[in-house]
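Reader: I'd like a close look at one part of a structure, please. Here it is.

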Amino acid sequence: LSPQLLAGKRVLLSAGPTRERIDAARFLSNPSSGKMGYALAAAAREMGAEVTLVSGPVALEAPYGVDVIGVESAVEMHGEVMARAPESDVVMMVAAVADWRPAVASQAKLEKSSMEPVLELTRNPDILAELGERFGPGSGATEGPILVGFAAESHDVVARGRAKAARKGVHALVANAIGGPAGAFGADESTVHVLVGAQEARTHRGPKSALARAIWQDLAGLARG
Ligand code: C5P
């Protein structure tokens with residue numbers, strides 16, 4: 001195990017859920033705990049990287065030596081990630097970004113009424129897909145970060161992960177098995193399949209801290225050019 005595998009690399013990660021405001025007292029979100037992204041940030045720092053973590057709201061402490069930028073919504077996360085991506089060597093999107101947000105966020109708390117409420121939603125930016133268009137393997141870019149995506153899948157994990165990697169235009173993707181006893185959301189243990197280009201998937205199972213180290217090792221050979 002090479003402890004300084006990422007020496008001198010600038011690593012940008014996202015983690016956690018996003019919150020999409022409905023009004024002053026309500027939001028839409030998901031059960032992401034942020035544990036996998038935080039473990040990856042901590043491991044990257046231990047391996048010598050300079051690490052920035054753009055984090056949605058989570059109940060975790062900032063990993064030692066990691067620059068944490070707190071955000072709430074997908075739109076905020078998009079702004080912080082896009083601003084920092086060009087100066088990064090690796091961008092790893094681990095966040096469970098909400099796909100939609102309320103079309104209108106009310107500053108005041110909405111009143112309960114006898115009418116059935118109707119919530120109009122609008123699509124959030126797909127941060128990873130946008131990065132893929134700009135820097136991904138099909139973009140023609142000769143510089144910029146290596147892009148790593150995550151996929152939470154309940155079945156056909158590897159095949160669906162490969163399809164997602166192609167769709168998003170990333171260099172590598174970590175496919176995470178959700179559901180069942182070793183499910184990903186909020187759990188301390190998980191199963192991941194690391195997909196790098198057309199190489200065979202590498203599968204790891206265990207605590208998220210060990211998975212984080214294994215994932216960075218699998219990605220170590222990835223470099224632009
Ligand atoms: O589209 P889906 O959510 O399945 O893809 C997951 C991957 O895309 C993750 O790496 C996630 O962080 C990223 N993503 C994103 N912006 C979105 C939705 C997902 O960057 N709006």
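Reader: In β6, what is the bridge partner of Val11?

Author: Val11's bridge partner in β6 is Val90. A heads-up: this is a predicted model, where local features need pLDDT of at least 70 and side-chain atom pairs count only at pLDDT 80 or more, while totals for chains, interfaces and linings use all residues. Numbering starts from 1 along each chain as its sequence is written.

Now zoom out a bit. β1 (residues 10-15) and β6 (residues 90-93) pair in the parallel sense over 4 bridges; pairing takes at least two DSSP bridges between the strands. Strands are DSSP runs of E, at least two residues, and helices are runs of H or I, at least four, numbered from the N terminus.

Both strands sit in an open sheet of 8 with mixed pairing, ordered β5-β4-β1-β6-β9-β10-β11-β12. Its edges are β5 (67-70) and β12 (202-207), each pairing on one side only. Neighbouring strands are turned by 20 degrees against each other on average, direction ignored.

Next, the helices. α3 lies across β6 and β9, at about 145 degrees to β9. Likewise, α4 (residues 157-168) lies across β9, β10 (172-177) and β11 (189-196), at about 140 degrees to β9. Contact here means C-beta atoms, placed from the backbone, within 7 Å; angles run from 0 to 180 degrees between N-to-C directions of axes fitted to C-alpha atoms, for helices over the stretch in contact.

And the ligand? 14 residues surround it, with Met93, Val97, Ile127, Leu128 and Gly149 the closest. α3 (127-135) and β9 (146-153) each give two or more residues to that shell, and β9 has the largest share, 3 residues. Being near means a backbone-placed C-beta within 6 Å.

Methods
Two residues are in contact if their C-beta atoms, placed from the backbone, lie within 7 Å.
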